Amino acid sequence: MEKEPMQLSGYPIKFKVNLKSMKTRTLIWAWPTRVFHWMLAIGFAFAYILGDFDDYRQFHFAFGAMVGVLALMRIIYGFIGPGYSRFSNFPVGLKNQIAFAKSVFSKQTDYIGHNPVASLVLLGIMITGVFTAISGYLQYLNESQGEILFVGGYFVKEAHEIFANVFLGLVIFHLAGVLVDLFFHGKAGAFFSIFNGFKSVEAKPASIGTFLQFFGVIWIFAAIFIFYLAFNLSPLEKNDQNRDDEVKSEQNDDHDD
Ligand code: HEM
Ligand code: HEM
């Protein structure tokens, strides 16, 4: 007799790949997930790259703060959101991890939402996103107002750098996972699902009601608003190394005259 698919809170998490399922298209990621995803990806890329450029600091603050708010609201969405976006439907337990490790390269079974390892990595991205932004803001306060509270400037600077690099590591792992999934489980269409929301699976759709539509709009507006606020933070002095370089180049210019 065929075994019932594994279920979490009424949502099946796995399915057997077959022709019938491949002909069905089911909404797995409602629009807030997809808009959040691409704003987060763009925000992280800009925040990370601009972290080292003094001339683009306001953009660094803006993209970084946007990432923080996007991630924080994704965590809230994880408790109130629909089907596969809800944390209670993330198959993170040890049993699921072992089952996944055994079947990762098998094309016979697939996951409807995030697979067990992806669930861990994505949770990590959401949490690290919040901590990176908070530590960045603390570093900003330290650099603009001197040492604050009991947190030493050195500690905060190190923390911000470490969080940012852990974040980068998780993103690289995520992208590697997306590629493995594309090559070994491509038939479910997980790759395209983050663009169009649909996977080729037979499952309960993750449609959202008025409240979550409203939450989605607030989510996006909050991210844009914090971008604006952080962009308008008072600029920091340029750091000593760069200032020294500028003074030297100004002196050289004077010599040339
Ligand atoms: C800085 C870059 C990126 C970050 C921070 C990031 C982060 C995330 C997060 C947090 C989720 C979970 C969405 C949710 O549950 O609400 C996710 C899912 C996903 N991402 Fe990314 N992502 C990035 C880049 C990309 C790129 C370039 C692709 C390739 C097209 C991609 C493909 C996907 C896919 C296919 C899923 C759904 C996976 C599944 O069905 O389990 N991501 N990503
Ligand atoms: C999740 C988003 C963020 C990422 C990925 C990120 C990443 C980085 C990186 C890679 C650096 C360079 C680290 C180094 O080489 O020392 C940096 C520096 C810095 N970040 Fe962020 N950051 C984020 C958010 C923020 C936020 C929200 C703020 C403040 C509003 C902020 C403020 C700073 C400051 C003040 C520096 C030091 C600049 C300097 O002194 O040259 N960051 N960040």
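## Exercises on a predicted model

As a warm-up from this predicted model, S144 touches S234 and L236, leaving aside residues up to four places away in sequence.

**Exercise 1. Place S144: which element holds S144, and is S144 buried or exposed, or something in between?**

Start with the element: S144 sits in helix 5. Next, count neighbours. There are 13 other C-beta atoms within 10 Å of S144. Now use the cut-offs: 20 or more would make a residue buried, and 12 or fewer would make it exposed. The count of 13 falls in between, so S144 is partly exposed. Finally, look along the chain. S144 and E237 are 93 residues apart in sequence, but their C-alpha atoms are separated by 7.9 Å.

**Exercise 2. Do the same for S106: where is the place of S106, and is S106 buried or exposed?**

Find the loop between helix 4 (94-103) and strand 5 (109-111); that's where S106 is. Then count again: S106 has 11 other C-beta atoms within 10 Å. Since 12 or fewer counts as exposed, S106 is exposed. As a last step, check a distant partner in sequence. F184 is 78 residues away from S106 along the chain, with 7.1 Å between the two C-alpha atoms.

**Exercise 3. Describe the shell around ligand 1: how many residues surround ligand 1, and which are the closest?**

Count first: 22 residues surround ligand 1, and the closest are A41, F44, H114, A190 and I194. Then sort by element. Helix 2 (31-50), helix 5 (116-145), helix 6 (153-185) and helix 7 (190-196) each give two or more residues. Helix 2 has the largest share, with seven. To finish, sort by class: 15 are nonpolar, six polar and one charged.

**Exercise 4. Repeat this for ligand 2: which residues come nearest, and which element gives the largest share of the shell?**

There are 26 residues around ligand 2, and G51, G64, T132, G136 and A164 come nearest. The elements giving two or more residues here are helix 2, helix 3 (57-80), helix 5 and helix 6. The largest share, eight residues, comes from helix 5. By class you get 12 nonpolar, 10 polar and four charged residues.

**Exercise 5. Find the largest nonpolar core: how many residues are in it, and which touch the most other members?**

The largest nonpolar core has 29 residues, and A65, M66, V67, V69, L70 and A223 touch the most other members. Two or more residues come from each of helix 2, helix 3, helix 5, helix 6 and helix 8 (210-231). Helix 3 gives the most, 12 residues. Now zoom in on A223: not counting residues up to four places away in sequence, A223 touches M39, M66, V69 and L70. There is also a second, separate core of 12 residues, including I28, I112, A190 and A206.

**Exercise 6. Step back: how many helices and strands does the protein have, and where is the pLDDT below 50?**

You should count nine helices and six strands. Of the 257 residues, 31% are buried. Among contacts between residues at least 6 apart in sequence, 77% join residues at least 24 apart. On to confidence: the mean pLDDT is 85, and 80% of the residues reach 70 or more. Over residues 1-7 the pLDDT is below 50, and this stretch has seven contacts in the model beyond near neighbours in sequence. Residues 241-247 are also below 50, with two such contacts.

Terms used. Residues numbered from 1 in each chain as written. Chains lettered and ligands numbered in written order. Predicted model: local features only at pLDDT ≥ 70, side-chain atom pairs only at ≥ 80, totals over all residues. Near = placed C-beta within 6 Å. Helix = DSSP H or I, 4+ residues; strand = E, 2+ residues; numbered from the N terminus. Nonpolar A, V, L, I, M, F, W, Y, C, P; charged D, E, K, R; others polar. Core = buried A, V, L, I, M, F, W, Y, C linked by C-beta atoms within 7 Å. pLDDT = per-residue confidence, 0-100.
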